[in-house]
Amino acid sequence: MRLPFSNETVAYDFITQFLPQKFVEKIILDNLKIVKGSFLTKDLSRRMADVLYECQYGDENQTVRIQFLMEHKSVPEPFPYFQFLVYQVEIWRQQKLENQPLTPIIPILFYHGEKNWKYKKFEEMFDLIDEQIRPYLPSFEYYLVDL
């Protein structure tokens, strides 16, 4: 599954056909490019994202670079947020080390297993979270493509 998305034309087609239309309307895909998706963590273990792309997003008033982190799973993963969060933090850490601005990262998960995938929000992994605690939790979503 990784090989097809290593092709920029396939990634372009996927983004324009499957991501939410209001989001796609603001993506500037003319400069879509694949970027290095492996990095070393502080403990020197190698992390490898399946595929990582970047392009511009915005309008004439504000444009930012965004990245698509595409990950593939063949069995249900109970905590995909942990893997995405590790990748995001390492990508952002590397950007700061290289004096680059931080980029928003759009996690996309491709699931091609036989069992049903149960999508949960990150905060749903915690017991008894009330409104006073919620602001202290990481909050992000991933886009699920259940094949």
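These notebook entries record what I looked up in a predicted model of one protein chain.

**Entry 1. The chain as a whole.** I began with the secondary structure and found 3 helices and 7 strands. Read from the N terminus, the order of elements is α-α-β-β-β-β-β-α-β-β. I then turned to burial: the chain has 147 residues, and 36% of them count as buried. The exposed surface comes to about 9500 Å², of which carbon and sulfur atoms supply 53%. I also looked up contacts between residues at least 6 apart in sequence, and 62% of these join residues at least 24 apart.

**Entry 2. Salt bridges.** Side chains of opposite charge can pair when their charged atoms come close. I searched the whole structure for such pairs and obtained 4 salt bridges.

**Entry 3. Lys-33 and Glu-54.** One salt bridge joins Lys-33 to Glu-54, with 3.5 Å between the closest N and O atoms. The partners belong to distant parts of the chain, 21 residues apart: Lys-33 is in strand β1 (residues 27–34) and Glu-54 in strand β4 (residues 51–58). I checked the accessibility of each partner. Lys-33 is partly exposed at 41% relative accessible area, whereas Glu-54 is buried at 7%.

**Entry 4. Glu-90 and Arg-93.** I next examined helix α3 (residues 80–97), which holds both Glu-90 and Arg-93. The two residues are 3 apart in sequence, about one turn of the helix, and their side chains form a salt bridge of 2.9 Å, N to O. Glu-90 has a relative accessibility of 10% and therefore counts as buried, the limit being under 20%. Arg-93, with a relative accessible area of 22%, is partly exposed.

**Entry 5. Glu-131 and Arg-134.** For this salt bridge I noted 2.2 Å between the closest N and O atoms of Glu-131 and Arg-134. Glu-131 is exposed, its relative accessible area being 57%, and Arg-134 is partly exposed at 24%. Through salt bridges that share partners, Glu-123, Glu-131 and Arg-134 form one network.

**Entry 6. Glu-71.** I then asked which side chain of opposite charge is nearest to buried Glu-71. That side chain is Lys-73, at 4.1 Å. Why does this pair not count as a salt bridge? A salt bridge requires the nitrogen to be within 4 Å of a carboxyl oxygen, so Glu-71 is left without one. Glu-71 is located in strand β5 (residues 63–73). I also looked for polar partners and found that the side chain of Glu-71 makes a polar contact of 3.2 Å with that of Gln-83.

Terms used. Residues numbered from 1 in each chain as written. Predicted model: local features only at pLDDT ≥ 70, side-chain atom pairs only at ≥ 80, totals over all residues. Heavy atoms only, no water. Helix = DSSP H or I, 4+ residues; strand = E, 2+ residues; numbered from the N terminus. Buried < 20%, exposed > 50% of the residue type's maximum accessible area, 1.4 Å probe, protein only. Lys, Arg positive; Asp, Glu negative; His and termini not counted. Polar contact = N/O pair within 3.5 Å; in protein donor to acceptor, adjacent residues only side chain to side chain. Contact = heavy atoms within 4.5 Å. Areas by Shrake-Rupley, 256 points an atom, 1.4 Å probe, with all protein chains shown as cover.
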